[in-house]
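Visitor: I'd like a close look at one part of this model, going through it piece by piece. Could you walk me through the sheet, with a quick stop at the cysteines on the way?

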Amino acid sequence: MVADNGAGWRPRQGRSLDLLAGRRLEYVWLGHAVVLGFAGGCQVLIEAVAHLDGPGGPADVEPGDDPSDAIATLLSDVVRSARTRETGELEITFTSGATLLVDADTDAESWAVTGPDGYLIVCLAHGELAVWGDAAA
């Protein structure tokens, strides 16, 4: 997904991702990665299993040849809060009450959050976080 270009390494550190708070989910792209596109140019790239507790009940969303489209129920929903857990998981809560939890993979990168001005956080293998741009502050 990314190479080491001077990233600030943040192993096992939970953090708030205020960049996503208040942003509306504008599109969902399903494939070998699941991409969530938010207002203002922010994206979440998911390459591991994600667990959705949403309007249609719980569902697992796994990128690949036949991903679940349950995540599309979040279209137009607004992010209430987003954070990383100390284990490297990404948790996004929406104003509808839905929650999306993306697992940290032990062998590969599992998710990334991008935003304006070079903002980038990547969950590396074993849940370690690498951060670039304004995300490193």
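Visitor: To start, does cysteine 123 count as buried or exposed?

Guide: Cysteine 123 counts as buried, because its relative accessibility is 0% and the cut-off for buried is under 20%. Bear in mind that this is a predicted model. Cysteine 42 is buried as well, with a relative accessible area of 0%. If you're wondering about disulfides, a search of the whole structure turns up zero. For that search, the sulfur atoms of two cysteines would have to sit within 2.5 Å.

Now to the sheet. It's an open one with six strands, and the order runs β2-β8-β9-β10-β6-β7, with antiparallel pairing. At the edges you'll find β2 (15-16) and β7, each of which pairs on one side only. As a reminder, strands of a sheet pair through backbone hydrogen bonds, either parallel or antiparallel.

Let's start from the β7 edge. Strand β7 covers residues 57-61, and its antiparallel pairing with β6 (residues 50-54) runs over five bridges. The link between β6 and β7 is a hairpin of two residues. To see one of the contacts up close, find aspartate 53: its bridge partner in β7 is proline 58.

Further along the order, have a look at β9 (residues 90-94) and β10 (residues 99-102), which pair in the antiparallel sense over four bridges. A handy spot to zoom in on here is glutamate 91, which stands opposite leucine 101 in β10.

Key
Residues numbered from 1 in each chain as written. Predicted model: local features only at pLDDT ≥ 70, side-chain atom pairs only at ≥ 80, totals over all residues. Heavy atoms only, no water. Buried < 20%, exposed > 50% of the residue type's maximum accessible area, 1.4 Å probe, protein only. Pairing = 2+ DSSP bridges.
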